[in-house]
Amino acid sequence: MPRDRSIRKSFEIADDGLQGTIGYFFFVIACKDSAKFNEISQRLPPGAIPVTQEWVRFYDKEELVQVMESCFNFYHARICLISSISIFESALKDFITRLNAKGHISNNRVRNLKYYKQKLEWAFEMVSASTYGTRSMKARIPDLCLQVDHARRIRNLWMHNNGLLNKRYKTDCISIPGKSAILVSAYDEYKRTKRKIPIGLTPESFIHICCSHVELLHQLHYNIQKQYFGQQRAYSYRASRKKIEWHRLLIGM
């Protein structure tokens with residue numbers, strides 16, 4: 001049976017979006033590493049920057065460059081991860097909406113998938129017994145789920161707690177059978193001292209987490225098409241000789 005086109009379209013949009021973010025991530029790092037400190041400062045707005053349609057705020061552009069230099073990798077990874085999670089979450093929403101429209105997920109079930117955490121729990125269940133990919137890919141599924149859930153909890157700290165560790169960072173974990181939730185080492189210090197400790201993300205960690213989102217997306221797409229639409233053939237870049245088309249990934253054309 002053919003793949004459901006709507007599911008495939010949502011999958012490909014998310015797949016392109018995630019890989020576009022990875023390309024953008026590496027490109028910006030290369031630009032930053034190639035830039036000269038004084039040239040960056042010269043290209044910034046002098047004196048003030050706009051913050052609303054009417055307001056500006058005064059700033060020191062040299063200070064901005066200095067602070068950005070000190071935290072660039074952390075902040076760049078943070079912004080790109082937030083973007084990646086938004087793309088992934090949108091794909092889950094599209095999948096659930098389509099499956100509901102086709103009668104595969106009831107209205108009552110959809111009402112119980114309102115929040116991102118609930119959508120992830122549904123996605124993790126969908127791929128838990130996956131037969132897609134190599135032996136190592138199938139064995140890696142629980143770790144993919146751990147990484148994707150950890151990204152959600154990091155994002156929540158950035159969005160709701162100024163990026164600082166709190167108790168909910170641990171208690172809000174999604175349970176993965178046979179696995180322990182990922183916790184940064186600094187959490188033990190936070191738990192002991194209750195100090196304000198920001199959570200950061202290295203470029204290497206971002207790439208690992210983003211690749212986990214891409215791989216989990218492929219697992220989920222395969223299992224949806226197989227379980228609900230009878231498609232047995234796996235989606236393959238190699239089989240379709242599909243190379244990266246950066247223009248389409250980055251601007252949709």
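**Exercise 1. Is Glu 125 buried or exposed, and at what relative accessibility does it count as such?**

Solution. The model is predicted, so local features need pLDDT of at least 70 and side-chain atom pairs count only at pLDDT 80 or more, whereas totals for chains, interfaces and linings use all residues. Residues are numbered from 1 along each chain as its sequence is written, and side-chain values use heavy atoms, with hydrogens and water left out.

Step 1: set the classes, in which buried means under 20% relative accessible area, exposed over 50%, and partly exposed in between (1.4 Å probe, protein chains only). Step 2: apply them to Glu 125, which counts as exposed because its relative accessibility is 55%.

**Exercise 2. Describe the salt bridge of Glu 125 and place both partners in their helices.**

Solution. Step 1: take the criterion, namely a side-chain nitrogen of Lys or Arg within 4 Å of a carboxyl oxygen of Asp or Glu. Step 2: identify the partner, which is Arg 109, with the closest N and O atoms 3.9 Å apart. Step 3: locate the two residues, using helices (H or I, at least four residues) and strands (E, at least two) as DSSP runs numbered from the N terminus. Glu 125 belongs to helix H5 (residues 116–127) and Arg 109 to helix H4 (residues 107–111), so the pair ties together parts that are 16 residues apart in sequence. Step 4: classify the partner; Arg 109 is partly exposed, its relative accessible area being 31%.

**Exercise 3. Examine the salt bridge between Glu 89 and Arg 155 in the same manner.**

Solution. Step 1: the side chains of Glu 89 and Arg 155 meet at 3.9 Å, N to O. Step 2: since Glu 89 lies in helix H3 (residues 61–101) and Arg 155 in helix H6, this pair ties together parts that are 66 residues apart in sequence. Step 3: Glu 89 counts as partly exposed at 24% relative accessibility, whereas Arg 155, at 13%, counts as buried.

**Exercise 4. Characterise the surroundings of Arg 152 in helix H6.**

Solution. Step 1: helix H6 spans residues 135–160 and holds Arg 152, which is buried because its relative accessible area is 2%. Step 2: the side chains of Arg 152 and Asp 149 are joined by a polar contact of 2.8 Å, a term for a pair of N or O atoms within 3.5 Å, where within protein one must be able to donate a hydrogen and the other to accept it, and residues adjacent in sequence count only if both atoms are side-chain atoms.

**Exercise 5. Which residues form the nonpolar patch on the surface, and which helix gives the most to this patch?**

Solution. Step 1: patches are made of residues with over 30% relative accessible area and no salt bridge, like charges being joined within 9 Å and nonpolar side chains (Val, Leu, Ile, Met, Phe, Trp, Tyr) within 5 Å. Step 2: the members are Tyr 24, Ile 244, Trp 246, Leu 250, Ile 251 and Met 253, with about 680 Å² of accessible area together. Step 3: helix H10 (residues 246–251) gives the most, with three residues. Leu 250 lies in helix H10 and counts as exposed at 51% relative accessibility.

**Exercise 6. Summarise the overall layout of the protein.**

Solution. Step 1: the protein has 10 helices and two strands, in the order α-α-β-β-α-α-α-α-α-α-α-α from the N terminus on. Step 2: its C-alpha atoms fill a box of roughly 60 × 50 × 40 Å along the principal axes, and 40% of its 253 residues count as buried.

Definitions and conventions. Accessible areas come from the Shrake-Rupley method with a 1.4 Å probe; for residues, only the protein chains shown count as cover.
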